[in-house]
Amino acid sequence: MTESASAPTRAAHTVPARDYVAAEDAVLEYSHVTVRRGTKTLLDDVSWTVREGERWIIMGPNGAGKSTLVNIAATRLYPTEGNVAILNEVLGAVNVFDLRPLIGLSSSLLADQVPFQETVLDAVVTAGWGVTGRWNEEYDSMDLDRALNLLRRWGVSGLAERRYGSLSSGERKRVLAARAMMTDPELLLLDEPAAGLDLAGRETLIRSLAQLAADEVAPTQILVTHHVEEVPPGFTHALLMRDGAVVAAGPLGETLTEEHLSEAFRLPLKVTEQDGRYTAVAR
Ligand SMILES: Nc1ncnc2c1ncn2[C@@H]1O[C@H](COP(=O)(O)OP(=O)(O)OP(=O)(O)O)[C@@H](O)[C@H]1O
């Protein structure tokens, strides 16, 4: 018998969605997930479990598949093969519109969808309806108070009446982080929240993220970044990717090592950690 005839195919790992049972304590569960577009494999047999209260860093070079991974968790994309459970609901067997309010998302794609003429307060409050532009929806004072409190938490409440389009990129990032928390989500997905920020903007954002990571009642968090310098203290786990596959995943200290990071970025790196902050330079 040839090897290909005896080995189970990856498609064989895919369980019909209605029959798939996720681990009870899993907030996110990817089981043998593959995503293909034409001949390109964006994710290659990824298995990954996130449990309640964990704070995960997703890291890897450009094109590694990080956003694809997060877009599945955001219910914006379905796997070609494999199974995904989000908050114990299985993709393919759940109405994603019921699931989406439980998932907070901040991404560059979303940043581009918020109308520039929208006020900052509206840009946050509209997350309650899962829309990016205010139209005829009714918001009560509790919604508006919540949006203002979230803007305060992210240090941008003074911008509430400004037009979203007039904000700097750092200010927009913080507004989007506030927006991501508007529905009081159980899962918070932050795709490159510090990209393009200046040093002060980055450090301010990282301090806010570290405070959120330390907050016991805050949602389970997943943060995508290219840089170890952007890992907020208090994050607990990391998943390193390359070419759509997992290089290493697990507790942060065991995963953000020179060996794993050098392999993920295909570059010998010297990695240091002090007081919960990491730096990496080429050897
Ligand atoms: N619809 C598509 N068709 C073909 N290839 C695609 C498609 N969407 C994404 N890709 C490719 O899949 C790969 C993974 O993309 P993804 O955006 O997930 O990477 P990433 O790790 O988030 O990258 P970056 O760090 O540059 O944002 C990239 O090579 C990208 O060009």
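This passage describes the fold of the protein chain, its sheets and the surroundings of the ligand.

The model is predicted; local features need pLDDT of at least 70, side-chain atom pairs count only at pLDDT 80 or more, and totals for chains, interfaces and linings use all residues. Residues are numbered from 1 along each chain as its sequence is written.

The protein chain has 10 helices and 12 strands. Helices (H or I, at least four residues) and strands (E, at least two) are DSSP runs, numbered from the N terminus. The radius of gyration of the protein chain is 19 Å, close to the 19 Å given by the globule rule for 283 residues, so the chain is as compact as a globular protein of that length. This radius is taken over C-alpha atoms, and the globule rule is 2.2 Å times the number of residues to the power 0.38. Along the principal axes, the C-alpha atoms fill a box of roughly 70 × 50 × 35 Å. Buried residues make up 40% of the 283 residues. A residue is buried if 20 or more other C-beta atoms lie within 10 Å of its own, exposed if 12 or fewer, and partly exposed in between, with C-beta atoms placed from the backbone. Of the contacts in the protein chain with a separation of 6 or more, 62% link residues 24 or more positions apart. Two residues are in contact if their C-beta atoms, placed from the backbone, lie within 7 Å.

Six strands form an open sheet with mixed pairing, in the order E6-E7-E8-E3-E9-E10. Two strands pair if DSSP finds at least two bridges between them. Strand E6 (103–106) and strand E10 (245–251) stand at the edges with a single partner strand each, so one side of each is left without a neighbour in the sheet. From one strand to the next, the twist averages 15 degrees. Strand E9 (residues 237–242) pairs with E10 in the antiparallel sense over six bridges. Helix H10 (residues 258–265) packs on this sheet and touches strand E3 (55–59), E9 and E10. The direction of H10 makes about 30 degrees with that of E9. Axes are lines fitted to C-alpha atoms, for helices over the stretch in contact, and angles run from 0 to 180 degrees between N-to-C directions.

An open sheet of four strands follows the order E2-E1-E4-E5, with antiparallel pairing. E2 and strand E5 (89–90) stand at its edges, each with a single partner strand, so one side of each lacks a neighbour in the sheet. Strand E1 (residues 26–37) and strand E4 (residues 81–86) run antiparallel and are joined by five bridges. Threonine 34 stands opposite glutamate 81 in E4. H2 packs on this sheet, touching E1, E2 and E4, and its direction makes about 55 degrees with that of E2.

The ligand is surrounded by residues that include Arg37, Lys40, Asn62, Lys66, Thr68 and His226. A residue is near a molecule or strand if its C-beta atom, placed from the backbone, lies within 6 Å of it. Strand E2 (40–51) and helix H2 (66–73) are the elements that give two or more residues to the shell. H2 provides the largest share, three residues. The shell divides into two nonpolar, seven polar and three charged residues. Ala, Val, Leu, Ile, Met, Phe, Trp, Tyr, Cys and Pro count as nonpolar, Asp, Glu, Lys and Arg as charged, and the others, Gly among them, as polar.

Strand E11 (residues 269–274) is hardly covered, with zero buried residues among its six. Six bridges join E11 to strand E12 (residues 277–282), and the two run antiparallel.
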